[in-house]
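Colleague: I'm new to reading models like this one, and I'd like to know how the words we use are justified. Could we go through it together?

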Amino acid sequence: MDLRDLREASDAALVVAIGRWRQEALAEAYRRHAGAVFALSRRLLRDAALAEEVVQEVFLRLWHAPDRFDPERGSLRSYLLAQTHGRTVDLLRSETSRRQREERDARATAEAGYDLEHEVLDLSVAEHVRHAVAQLTSDERRAIELAYFGGHTYREVAALLDQPEGTVKSRIRAGLRRMRTTLADVGIAGAPWPLR
Amino acid sequence: MATPLNHAAIEELLGAYALDAVDDDERDAVERHLAECPRCRAEVTEHREVAALLANAGLPAPDGLWDRLAGVLDAPPPQLALAPVTPPRRRRRAVVGWAAAAVAAAVVAVLGVTAITQGRRLDHALQALRQNGLLRAALAASTSTGARHAELASPDGRVLASAVLLRDGTGFLVRDDLTPLPADRTYQLWGIIGGDKISLGLLGRHPGVVAFRAAGDVAGFAVTAERAGGAVAPTGTPVIAGAVRSA
């Protein structure tokens with residue numbers, strides 16, 4: 001695979017090449033996804049330097065353990081962002097950042113609310129994602145925002161919103177499912193599994 | 001969690017789990033379940049796809065970050081990474097021993113190559129990578145004029161950590177092989193100063209490279225395992241201890 005081929009390779013093919021220690025394949029994966037990884041981490045941490053560390057870590061992890069990505073289980077973008085979110089939340093919840101977190105919480109609750117719409121900048125899907133978000137009830141939307149972009153557990157979200165924990169837990173799941181259905185209708189996501 | 005969660009309770013958690021919004025016990029319970037339940041795995045994948053779309057901000061990555069990352073990848077050949085697997089025991093020469101510990105950690109930091117199939121090793125490598133800055137500082141300190149060194153050994157004589165102390169009281173502890181503690185415990189570093197045991201700081205449950213500052217003439221160091229939050233005075237015998245050697 002030469003460089004031009006890499007540019008056109010699927011994400012799954014890139015990961016195979018990464019498994020063969022092809023650094024230029026990692027560079028291409030980085031070119032495609034590092035911006036989103038960085039943006040998500042910085043969004044949660046509100047700290048560009050820490051977010052850069054997360055970016056390094058996520059791609060280093062991909063370099064050393066590409067087999068952890070299973071193309072059968074979603075896109076590389078979604079895998080990397082899930083890794084990013086998990087690592088970022090670990091940092092947020094670590095002892096050292098507790099104080100900043102408390103300050104951040106105070107700010108978060110004082111703000112009128114996160115605006116999911118401003119997070120979606122990829123224009124090809126932005127409109128559809130915006131539409132899917134609009135299908136959520138305001139309670140669902142708030143719960144998902146605080147959990148995902150606030151880095152809060154659903155229990156913390158329940159406390160912040162003064163709502164029962166079980167209700168918040170259900171709303172997060174129901175909201176994600178509804179967005180999935182909406183996005184599947186326009187072909188952006190596959191159809192969700194039926195509820196059993 | 002006192003009682004295991006049933007399937008329905010696990011399902012209810014899947015949305016929150018996919019957003020990393022569950023507590024540790026719940027996460028463990030969900031992951032045990034996911035290992036055996038393809039449908040729940042599929043649901044989590046779906047939730048994460050949706051979340052990824054929400055996060056889909058197309059900003060460019062910061063300038064220079066790729067170069068730094070590539071610099072980490074352009075590391076020496078893999079066999080060097082074997083060093084930290086079998087750290088030399090009973091090091092006799094403090095300076096060399098300390099440097100070896102730091103270099104071993106640096107190699108893990110830069111490479112982590114043997115970690116390909118070993119998650120725990122990888123985690124160590126990543127932790128070390130995060131500490132690259134500290135490590136560089138520690139390495140610089142170890143070779144600076146007037147630096148004094150100590151090797152901290154366990155009661156059975158194994159050297160598990162090394163410390164370097166600069167004239168201005170700045171010090172670095174490089175943990176070599178301390179066993180991680182449970183979540184409610186922490187390692188705590190003590191300086192033996194004027195015959196007293198003075199706390200130099202909490203090291204966390206799984207310390208890597210730690211910087212500290214000591215006032216006064218430090219004769220030795222000790223590390224104890226304490227309750228999270230630390231102790232005003234050591235509550236048990238040291239896990240590791242060692243005397244500071246002359247410059």
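Modeller: Happy to! Keep in mind that this is a predicted model. Let's begin with strand β8 of chain B, residues 240-243, where the side chains alternate between two faces. Ile240(B) and Gly242(B) point to one face and are buried, while Ala241(B) and Ala243(B) point to the other and are not.

Colleague: What makes Ile240(B) and Gly242(B) "buried"?

Modeller: The word buried is used for a relative accessible area under 20%. Ile240(B) and Gly242(B) are classed as buried, and Ala241(B) and Ala243(B) are not.

Colleague: How do you know that β7(B) and β8(B) pair?

Modeller: Pairing needs at least two bridges between the strands. Strand β7 of chain B, residues 218-227, and β8(B) have four bridges, in the antiparallel sense. One position to look at is Phe221(B), which stands opposite Gly242(B) in β8(B).

Colleague: Which other strands of chain B pair, and how many bridges join them?

Modeller: Strand β1 of chain B, residues 148-153, is joined to β2(B) by six bridges, and the two run antiparallel. Pairing asks for at least two bridges, so six bridges meet the rule. Within this pair, Leu152(B) has Ala161(B) in β2(B) as its bridge partner. The two strands form a hairpin with five residues between them, and Gly157(B) in the turn has a positive phi of about 90°.

Colleague: Why is β2(B) called largely enclosed?

Modeller: Count its buried residues: seven of the seven in strand β2 of chain B, residues 159-165, are buried, so the strand is largely enclosed by the rest of the structure.

Colleague: What is the make-up of each chain in helices and strands?

Modeller: Chain B has seven helices and eight strands, whereas chain A has 11 helices and zero strands. Buried residues make up 50% of the 247 residues in chain B and 51% of the 196 residues in chain A.

Colleague: Now to chain A. Why is Arg20(A) called exposed or buried?

Modeller: Exposed means over 50% relative accessible area. Arg20(A) has 62%, so it is exposed. You can find Arg20(A) in the loop between α2 (11-19) and α3 of chain A. Arg20(A) and Pro66(A) are 46 residues apart in sequence, and their C-alpha atoms are 9.6 Å apart in space.

Colleague: What label does Arg42(A) get, and why?

Modeller: Arg42(A) has a relative accessible area of 35%. Partly exposed is the term between the 20% and 50% cut-offs, so Arg42(A) is partly exposed. Arg42(A) sits in helix α3 of chain A, residues 23-45. The C-alpha atoms of Arg42(A) and Phe149(A) are separated by 10.0 Å, with their positions 107 residues apart along the chain.

Colleague: What is there to notice about the phi of Arg46(A)?

Modeller: Its phi is near 55°, a positive value in a residue other than glycine. Most residues other than glycine have a negative phi. Arg46(A) is in the loop between α3 and α4 (48-64) of chain A. With a relative accessible area of 34%, Arg46(A) is partly exposed.

Colleague: Where is Asp162(A), and what is its phi?

Modeller: Asp162(A) lies in the loop between α10 (154-161) and α11 (165-185) of chain A. The phi of Asp162(A) is near 55°, again a positive value in a residue other than glycine. Its relative accessible area is 71%, so Asp162(A) is exposed, as the cut-off for that word is over 50%.

Colleague: Let's finish with cavities. How many of 30 Å³ or more are there?

Modeller: Three. The largest cavity has a volume of about 40 Å³. Its lining includes Ser78(A), His85(A) and Tyr148(A) from chain A, and Asp20(B) and Arg48(B) from chain B. The elements giving two or more residues to this lining are α5 (76-93) of chain A and α3 (38-54) of chain B. Helix α5(A) gives the most, with four residues.

Colleague: What classes of residue make up that lining?

Modeller: Six nonpolar, two polar and two charged residues. Asp and Arg count as charged, so Asp20(B) and Arg48(B) belong to the charged class.

Methods: Residues are numbered from 1 along each chain as its sequence is written. Chains are lettered from A and ligands numbered from 1 in the order in which they are written. This is a predicted model: local features need pLDDT of at least 70, side-chain atom pairs count only at pLDDT 80 or more; totals for chains, interfaces and linings use all residues. Side-chain values use heavy atoms; hydrogens and water are left out. On a 1 Å grid over the protein atoms alone, a cavity is a set of points where a 1.4 Å probe fits but cannot get out, and a pocket is an open set with protein on both sides within 12 Å along at least five of seven lines; lining residues have an atom within 4 Å of a point. Grid points are joined across faces, edges and corners, and a volume is the space filled by probe spheres set on the points. Buried means under 20% relative accessible area, exposed over 50%, partly exposed in between (1.4 Å probe, protein chains only).
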